[in-house]
Amino acid sequence: ALLLCTVFMITLTSCGGKPDGMSKAMHQIGKNALNIADQYISGEIYGDVAYERMEELYTQAKAQEEKECKDLGVDTLVGTDYWKDSSVSHDISMLSHSVMNAKHGSGAMSEVQEARDNLAETLGEK
């Protein structure tokens, strides 16, 4: 019983890779966005820099989505092996928007944190 409990705890606490339904490329783009958000939240980079980098990642995410759709011959990733990629792309867009609002003073840093946490949850990084 002790061995079973130990195996169960290791399974729950292990850091798996990317979640099912997500491409490795999109998972990495999402992790890069988390890193930028963390740098911004901690004050390591300014809002302008964070926003610019976030927008670059959003562009990469949309390009990745389009590539996957083209490769699979579909219009949307729903129902494919990469169905979660659209969620990552959306979460990066929301995070970018939150950073823009915070840097202009029309949004709170708590909104950036919330958007960051949503992306982390999608990526299975929470």
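Angles under 35 degrees between helix axes count as roughly parallel, and those over 145 as roughly antiparallel. Both cases occur in this predicted model, in which helix H4 packs with helix H2 and also with helix H5.

**Overall fold**

The chain contains five helices and zero strands, so that its elements, read along the sequence, give the pattern α-α-α-α-α. Of the 126 residues in the chain, 36% are buried. Among contacts between residues at least 6 apart in sequence, 67% join residues at least 24 apart.

**Two helix pairs**

Two packed helices are described by the angle between their axes and the distance between the axes. The table sets out these values for the two pairs that involve H4.

| Pair | Crossing angle | Axis distance |
|---|---|---|
| H2 (residues 24-41) and H4 | about 20° | 10 Å |
| H4 (residues 85-104) and H5 (residues 109-123) | roughly 165° | within 8 Å |

With an angle of about 20°, H2 and H4 are therefore roughly parallel to each other, and their crossing is left-handed. On the H2 side the contact is formed by Met-26, Ile-29, Gly-30, Ala-33, Ala-37 and Tyr-40, which meet Asp-85, Val-88, Ile-92, Leu-95, Val-99, Ala-102 and Lys-103 of H4. By class, this contact of H2 with H4 comprises 10 nonpolar residues, one polar residue and two charged residues.

For the second pair, H4 and H5 cross at roughly 165°, which makes H4 roughly antiparallel to H5; this crossing, too, is left-handed. H4 contributes Ser-87, Val-88, Asp-91, Ile-92, Met-94, Leu-95, Ser-98, Val-99 and Ala-102 to the contact, while H5 contributes Glu-111, Val-112, Ala-115, Arg-116, Asn-118, Leu-119, Thr-122 and Leu-123. The residues of the contact of H4 with H5 divide into 10 nonpolar, four polar and three charged.

**Helix H2 and its buried residues**

H2 consists of 18 residues and reaches 26 Å from its first C-alpha to its last, which is close to the 26 Å expected at 1.5 Å a residue. The buried residues of H2 are Met-26, His-27, Ile-29, Gly-30, Ala-33, Leu-34, Ile-36, Ala-37, Gln-39 and Tyr-40. An α-helix has 3.6 residues a turn, so residues three or four places apart point the same way. The buried residues of H2 pack against helix H3 (47-72), H4 and H5, and those that meet H4 include Ala-33 and Ala-37. Just after H2, Gly-43 takes a positive phi of about 85°.

Terms used: Residues are numbered from 1 along each chain as its sequence is written. This is a predicted model: local features need pLDDT of at least 70, side-chain atom pairs count only at pLDDT 80 or more; totals for chains, interfaces and linings use all residues. Side-chain values use heavy atoms; hydrogens and water are left out. Axes are lines fitted to C-alpha atoms, for helices over the stretch in contact, and angles run from 0 to 180 degrees between N-to-C directions. Helices (H or I, at least four residues) and strands (E, at least two) are DSSP runs, numbered from the N terminus. Angles under 35 degrees count as roughly parallel, over 145 as roughly antiparallel, 65 to 115 as roughly perpendicular and the rest as oblique. A crossing is left-handed if the near helix is turned anticlockwise from the far one by less than a right angle, and right-handed if clockwise. Contact means heavy atoms within 4.5 Å. Ala, Val, Leu, Ile, Met, Phe, Trp, Tyr, Cys and Pro count as nonpolar, Asp, Glu, Lys and Arg as charged, and the others, Gly among them, as polar. The expected span of a helix is 1.5 Å times one less than its number of residues. Buried means under 20% relative accessible area, exposed over 50%, partly exposed in between (1.4 Å probe, protein chains only).
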